[in-house]
Amino acid sequence: MQWTDRIGRRLKLRDLHILLAVAQAGSMSRAADRLAISHPVVSKTVADLEHALGVRLLDRTSQGTEPTTYGRALLSCGTVVFDELRRGVQEIAFLSDPTVGELRIGSAAPYIEGLVPAVIARLADRYPQIKCHVTDTDAVTLCGMLRERKLDLVVGRVLDSVFGEDLTSEFLFDDCIHVVAGAKSPWARRRSVALSELCGEPWVMPQADNIAMALIAEGFHSAGLTPPPAQVVSNSVTLRVRLAETGQFIAALPESTLRFSDGRMQIKILPVRLRMKAPPTVAISLKNRTPNPIANLFIDELRTFAKPLMKKRPRRT
């Protein structure tokens, strides 16, 4: 297939845009409504694309449309094309005015509670016209959104099984987990506490599929103990903090959450050590993708905040 003969004069960005809209909407009629164009225009555009490429891009059913194998290949290419164009526009805008831009960040609950808002506040103070869109969910979903180019940057802990060769990361710091209790709890007045003493206390813990719960369980197993059953289970860091503050519950929280809370938490770190091999906190981005210039400013601020927690460790790629 010659590019100039069959594709160069026929395939337009508008055609790719319409095809992407059909794939996202699941039908040509819904795509037409979203794009504010007529259904025949959408149908003809897809038909012309299929004719130019010589393959069927969409399967039509009574429920709507679904991309074929060929369609998914073209959609993947189209996603990259539009993402790179958007990056180019961002770069031009940044070169003309480096104080204006947009950044899409993803992170998990512990960092949303402390580190990420601290960095955003510092960045907003210096560059008030920069806009940040923050997504708070689990690491698997965040890495998927990076691959789909829905995020520019992810901050958090990621297991090797989730990471993959298509992502790259920069080490920020090792984030240990502390056992905490409310400032008015009887345990807060103790100078020495054994982990075994806390097994009978009411605990508030993350859900079983949360990486933090796996680390907490490892800490108990390393001490030869069985993790106590949680009285309250929640992935919400805010809820775990609030319950610990009552003095009725014991919780385990990352050091970064405690350090960047600005002293708002009425809790105390107990003299208990949880031995575990925790993945480091890293800044993750997609390989072979033109970087968002605003992301570099964000990462610079991340490095500044990470210095008190940083230990000598090589960059991981």
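Contact here means heavy atoms within 4.5 Å. The exercises below concern a predicted model.

**Exercise 1.** Determine what share of the contacts with a separation of 6 or more joins residues 24 or more positions apart.

*Solution.* Take the contacts in the protein chain whose separation is 6 or more. Of these, 75% are accounted for by residues 24 or more positions apart.

**Exercise 2.** Decide whether the protein chain is more or less spread out than a compact globule.

*Solution.* Begin with the elements: the protein chain has 13 helices and 12 strands. Next, compare two values: the radius of gyration is 25 Å, whereas the globule rule gives 20 Å for 317 residues. The former is well over the latter, so the chain is more spread out than a compact globule. Finally, consider the box filled by the C-alpha atoms, which is roughly 80 × 50 × 35 Å along the principal axes.

**Exercise 3.** Describe the largest nonpolar core and state which element gives the most to it.

*Solution.* First, establish how much of the chain is buried: 44% of the 317 residues. Second, note that the largest nonpolar core has 24 residues, and that L115, L172, F173, F298 and L302 have the most contacts inside it. Third, identify the elements that each supply at least two of its residues: β3 (100–107), α7 (115–126), β5 (153–156), β6 (167–173) and α13 (293–306). Of these, α13 gives the most, with eight residues. Another core, of 20 residues, lies apart from this one and includes W187, L215, I250 and V272.

**Exercise 4.** List the residues in contact with F298, leaving aside its neighbours within four places in sequence.

*Solution.* Once those neighbours are set aside, the contacts of F298 are L103, I105, V119, I120, L123, L153 and V155.

Key
Residues are numbered from 1 along each chain as its sequence is written. This is a predicted model: local features need pLDDT of at least 70, side-chain atom pairs count only at pLDDT 80 or more; totals for chains, interfaces and linings use all residues. Side-chain values use heavy atoms; hydrogens and water are left out. A nonpolar core is a set of buried Ala, Val, Leu, Ile, Met, Phe, Trp, Tyr and Cys residues joined through side-chain atoms within 4.5 Å. Buried means under 20% relative accessible area, exposed over 50%, partly exposed in between (1.4 Å probe, protein chains only). Helices (H or I, at least four residues) and strands (E, at least two) are DSSP runs, numbered from the N terminus. The radius of gyration is taken over C-alpha atoms; the globule rule is 2.2 Å times the number of residues to the power 0.38.
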